[in-house]
Amino acid sequence: MSQYLLQMKDISKTFPGVKALDKVELEVKPGEVHALIGENGAGKSTLIKILAGIHKPDPGAKFYFEGKEAEIQKPIDATMKGISIIYQDLSLFPNLSVAENIYIGQDSNKGSWSKIDWKAIKSKANEALKEMDVDINPNAIVEQLSIAQQQLVEIARALAFDSKLIVMDEPTSSLSSGEVEKLYKVIENLKNRGISIIFISHKLKELFKVADRFTVLRDGKFVGAYDANEVDEPKLIQLMVGRSVTYEKNQSENKAGETIFKVRNLSKKGNFKDISFELKKGEILGITGLVGSGRTELAQAIFGVNNPDEGTIELFDKKLSIKNSEQAVKNGIAYIPEARQIQGLVLEQSVTKNISLPIIKRIRNKFKLINRKKEKELANKYIETLDVRPALPDHPAENFSGGNQQKVVIGKWLSTDPNVIIFDEPTNGIDIGAKTEIHKLMRKLADDGIGVIMISSELPEILAVSDRILVMRKGRISGELDIKDATQEMIMNYSLQGLGNVKTPDISVQSGQVSQEV
């Protein structure tokens, strides 16, 4: 009998104009956590979609499951074999109960016209939740649950399907550290039951806590498979990107010019209170703090999404009245949201249409029709400037990697010629190679005279990119630091104000969000 539950060999996939995978292989043992890693665009998502039956591989691909040759032509084939995929964007029905979501897709009723056995459905949901040792009411409506609880419902659904292999795609991207620890315990329980897990994440520190083995992809090719004790973080980074990548504290001289942007006594009940700060031309102002400190709510208030109750905003000494995002754009303010796939892009539309979206009115001809030549020139300009890969302006945004999607969002807002641009968690869910590209881009924008505000939970990122740092705690600014004086210890002390000297937790570029439970 084979020592592997899953074997994928000679997996290639060609899309028009690009070869996404080139003879890739993946082998997963029973009851192991197998980390699949690589830069954005390395081919991880394409490989998983082939495993899920969403994409068909090029001829020559071989699949083996439980030691036998297998065919996966469509999603039902994967499900019937006991393969479940939990995507980063959860696929639950928000208006249905936990029990209904766990049940959906299972043929528990023999007759097609028989009544739904609600008792059996709730019993099966309870059984799956109990196996995971989690306390979630099966009658609860999913949209009322936290992201972490919804993640657990997805796993419970996989268990209800008697899954032998569960793929988790960036499962911790929206979780606090306390929720991540709970997920680790669930994963350990799954392992003890002999269930295999493919774990995809850019946060290498968390991977070393759960993974038994690693498979590394680079540029659509198989680099190698390694036991966890054979590699460390620097080695994996070098395997992923072909070079070593490290973060160093920003030591450059702050060449910021005159003050161009002012926020005065901005408040929003339940979100933030009495926020005041200034931003200079050519400066990168970092804003950090624990989850729930009000950072994103502040950014959305400035951009007109979440109107404040009181306070003023000034640009070039002119008071602005911003009631919506359109007014913010007209006044030279741009906002790149954390949830790029939900708030930043129209995924099914082309790169060209996404980039031109905020300035459609500017590129219309005298007949009020879109000037397609101007639209295409605009898209090509930012594809070249931002090095969007592959350079395919007519391809849907959903076909691009996370890092390249982020570049498209940036291009979209640069097309508005902003004076101030706000980046909210700009490298969330992006590999370390793409992170450095985004950081260089932010620095170039600042050097070109744009005022940049960067919101980030990652302290190494804050220290590497910012010229000045604001720390928020419970909706207020608790500290301001010049980059020359700032340390992780000082930032954490401001984040946990009133708790005395706090030892800095082990936080790195891969560690993700810092939560209130640090």
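**Figure 1. Asp387 counts as partly exposed, at 37% relative accessibility.** The model shown in this and the following views is predicted. Residues count as partly exposed when their relative accessible area falls between the limit for buried, under 20%, and the limit for exposed, over 50%, and this is why Asp387, with its 37%, is given the label of partly exposed. Asp387 sits in the loop that runs between α13 and α14. Although Asp387 is not a glycine, its phi angle is positive, at about 55°. The loop between α13 and α14 also holds Pro390, and the peptide bond leading from Arg389 to Pro390 is cis, with an omega near -5°.

**Figure 2. Glu377 is placed in helix α13, which covers residues 372-386.** Is this residue buried, partly exposed or exposed? The relative accessible area of Glu377 is 46%, and the residue is therefore partly exposed. A reader who wishes to relate Glu377 to another part of the chain may look for Asp448, which is 71 residues away along the sequence. The C-alpha atoms of Glu377 and Asp448 are separated by 22 Å.

**Figure 3. Asp274, a residue of strand β12, has a positive phi.** The phi angle of Asp274 is about 55°, although this residue is not a glycine. With a relative accessibility of 41%, Asp274 counts as partly exposed.

**Figure 4. Phe261 and Phe277 form one of the 4 aromatic pairs that a search of the whole structure finds.** The centres of the two rings, those of Phe261 and Phe277, are 6.5 Å apart and their planes meet at 50°, so the pair is described as tilted. This pair links distant parts of the chain, since Phe261 belongs to strand β11 (residues 259-268) and Phe277 belongs to strand β12 (residues 272-280), with their positions 16 residues apart in sequence. Phe261 has a relative accessibility of 0% and so counts as buried. Phe277, at 5% relative accessibility, counts as buried too.

**Figure 5. The rings of Phe303 and Trp413 make an edge-to-face pair.** How far apart are the centres of these two rings, and at what angle do their planes lie? The centres of the rings of Phe303 and Trp413 are 5.6 Å apart, and because their planes stand at 90° the pair is edge-to-face. Phe303 is found in the loop between α9 (295-302) and β14 (310-315), whereas Trp413 is part of helix α14 (residues 402-414), so the pair ties together parts of the chain that are 110 residues apart in sequence. Phe303 counts as buried at 5% relative accessibility, and Trp413 counts as buried at 10%. Through ring pairs, Phe303 and Trp413 are linked with Tyr335 into a cluster.

**Figure 6. Ser97 is a buried residue of the loop between β6 (83-86) and α3 (98-103).** The relative accessible area of Ser97 is 9%, and residues count as buried when this value is under 20%, so Ser97 falls within the buried group. Which residues does Ser97 touch once its neighbours within four places in sequence are left aside? Ser97 is then in contact with Pro138, Asn139, Ala140, Ile141 and Val142.

**Figure 7. Ala99 is placed in helix α3.** With a relative accessible area of 3%, Ala99 is buried. Leaving aside the neighbours within four places in sequence, the contacts of Ala99 are Ile121, Lys122, Ala125 and Pro138. Pro138 is also among the contacts of Ser97. Ala99 and Pro75 are 24 residues apart in sequence, and the distance between them in space, from C-alpha to C-alpha, is 22 Å.

**Figure 8. The whole protein, with its 17 helices and 20 strands, gives the setting for the close-up views.** The radius of gyration of the protein is 24 Å, which is close to the 24 Å that the globule rule gives for 518 residues, so the protein is as compact as a globular protein of that length. Along its principal axes the C-alpha trace spans about 70 × 55 × 55 Å. Of the 518 residues, 54% are buried. Among contacts between residues at least 6 apart in sequence, 68% join residues that are at least 24 apart. The protein exposes about 24,000 Å², and carbon and sulfur atoms supply 47% of this area. The protein has 71 positive and 70 negative charges, and the mean positions of these two groups are 5 Å apart.

Technical notes: Residues numbered from 1 in each chain as written. Predicted model: local features only at pLDDT ≥ 70, side-chain atom pairs only at ≥ 80, totals over all residues. Heavy atoms only, no water. Helix = DSSP H or I, 4+ residues; strand = E, 2+ residues; numbered from the N terminus. Rg over C-alpha atoms; globule rule 2.2 N^0.38 Å. Buried < 20%, exposed > 50% of the residue type's maximum accessible area, 1.4 Å probe, protein only. Contact = heavy atoms within 4.5 Å. Areas by Shrake-Rupley, 256 points an atom, 1.4 Å probe, with all protein chains shown as cover. Lys, Arg positive; Asp, Glu negative; His and termini not counted. Charge placed at Lys NZ, Arg CZ, Asp CG, Glu CD. Phe/Tyr/Trp six-rings, centres within 6.5 Å; stacked < 30°, edge-to-face > 60°.
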